[in-house]
Amino acid sequence: MRIDKFLAQMGYGSRNEIKNSIKKGHVSINGNKIKSAKAHIDPNQDVVYFMNERVQYEPYVYIMMNKPQGVISATEDDVHQTVIDLITEYRHLHLFPVGRLDKDTEGLLLITNDGQFNHRIMNPNQKVPKTYYVQAKHDLVEQNRAYFQEGVQLKDSICKPASLEILTNPKEALVKIEEGKYHQIKRMFHKIDNEVLFLKRIAIGSLQLDDNLKPGTYRKLTPEELQLFL
């Protein structure tokens, strides 16, 4: 890989800015300062310094975000703030959200630039469950749990069997689904003559939302968390 492309991908500036830095002697490879942006490196083997700072090769990044309400799950939008707008780092890696959460839904959202990682989680054949905390307008009853388990018939399709766990407060529940149809949980609740007042995703598979993440904040997945999807 050319050194100017490598440094641009790692977020050290545009290709032209990096070329100027190289001419000024600000870049070294394996201890030797270089003068040409055409120099090639092996990112996994060579040691690169930029302005006396070791450049760590990080081709992929995996982020856990506590998505806030009012922000859309998209890479860019001319009107609304997106989840990518909230990230001050890693933008040079062309991040995108893994799946989506509705604008008024908050909670666990994964963000990456790894297409294979996205596929492993979003492919319906992988059957990765997503768990949501729900506050409903009306009390939930045992018949609702059985109805969800059978697979709710929506206007345009039928949902796969879903789990409904009614909490101590009968207006609160945990819902676990394996798919992500448009407004799925809200539409499922409409089918039982109820309404979702608040919706928050708290888990994807066995990965739990970090309680220390306030809405709008994020962190990288730990190696142990990433291993859950590999």
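The lining of the largest pocket in this predicted model is a mixed bag: ten of its residues are nonpolar, six are polar and nine are charged. The volume of this pocket comes to about 330 Å³. Of the 25 residues in the lining, Arg-100, Tyr-132, Glu-179, Gly-180 and Lys-181 sit closest to the pocket centre. Four elements supply two or more residues each, namely α3 (115-122), β8, α5 (184-191) and β11. The biggest contributor is α5, with three residues.

Strand β8, one of the elements in that lining, is also a good place to pick up the strand pairing. It covers residues 130-136, and six of its seven residues are buried, so the rest of the structure largely encloses it. Which strands flank β8? On one count, six bridges tie β8 to β10 (residues 172-177), with the two running antiparallel. On another, seven bridges tie β8 to β11 (residues 196-204), again in the antiparallel sense. Individual pairs help to fix the register. Val-134 faces Ala-173 in β10, while Gln-135 stands opposite Glu-172 in that strand. Gln-135 also has a bridge partner in β11, and that partner is Phe-198.

Strand β10 pairs with β9 as well, through four bridges in an antiparallel arrangement. These two strands make up a hairpin, with five residues between them. Here Glu-165 is found opposite Leu-174 of β10. The two faces of β10 differ in their surroundings: Ala-173, Val-175 and Ile-177 belong to a covered face, and Glu-172, Leu-174 and Lys-176 to an uncovered one. Put together with the pairs above, Ala-173, the residue opposite Val-134, is on the covered face, whereas Leu-174, the residue opposite Glu-165, is on the uncovered face.

Another sheet involves the low-numbered strands. It is an open sheet of four strands in the order β2-β1-β3-β4, with antiparallel pairing. Its edges are β2 (32-33) and β4 (53-54), each of which pairs on one side only. Two bridges hold β3 (residues 48-50) and β4 together in the antiparallel sense, and one of the pairs sets Phe-50 against Glu-53 in β4. As for annotation, the UniProt record, an unreviewed entry, puts the feature "domain: RNA-binding S4" at residues 1-64. In the model, that span is 25% helix and 20% strand, and its end C-alpha atoms are 29 Å apart.

Next come the charged contacts. Side chains of opposite charge can pair when their charged atoms come close. The search of the whole structure turns up 13 salt bridges. One of them brings together the side chains of Arg-2 and Asp-4, at 2.9 Å from N to O. Are these partners buried or exposed, or something in between? Asp-4 has 0% relative accessibility and therefore counts as buried; Arg-2, at a relative accessible area of 26%, is partly exposed.

A second salt bridge leads back to the pocket. Arg-100, one of the residues closest to the pocket centre, pairs with Asp-102, and their closest N and O atoms are 3.0 Å apart. Asp-102 counts as buried at 10% relative accessibility, while Arg-100, at 45%, counts as partly exposed. The pairing does not end there: Arg-100, Asp-102, Asp-104 and Lys-186 are all linked in a network of salt bridges.

A third salt bridge joins the side chains of Lys-171 and Asp-139, with 2.9 Å from N to O. This pair connects distant parts of the chain, 32 residues apart: Lys-171 is in the loop between β9 (163-166) and β10, and Asp-139 is in the loop between β8 and α4 (142-150). Lys-171 is partly exposed at 33% relative accessibility, and Asp-139 is partly exposed at 43%.

Finally, there is Lys-160, which is placed in the loop between α4 and β9. Its relative accessible area of 33% makes it partly exposed. How far is Lys-160 from Val-83 in sequence and in space? The two are 77 residues apart along the chain, and their C-alpha atoms are 28 Å apart.

Definitions and conventions:
Residues numbered from 1 in each chain as written. Predicted model: local features only at pLDDT ≥ 70, side-chain atom pairs only at ≥ 80, totals over all residues. Heavy atoms only, no water. Buried < 20%, exposed > 50% of the residue type's maximum accessible area, 1.4 Å probe, protein only. Pairing = 2+ DSSP bridges. 1 Å grid on protein atoms, 1.4 Å probe; cavity = no way out; pocket = protein on both sides within 12 Å on 5 of 7 lines; lining within 4 Å. Points joined across faces, edges and corners; volume = space filled by probe spheres on them. Nonpolar A, V, L, I, M, F, W, Y, C, P; charged D, E, K, R; others polar. UniProt positions renumbered as here; feature names shortened; annotations may be inferred. Salt bridge = Lys/Arg side-chain N within 4 Å of Asp/Glu carboxyl O.
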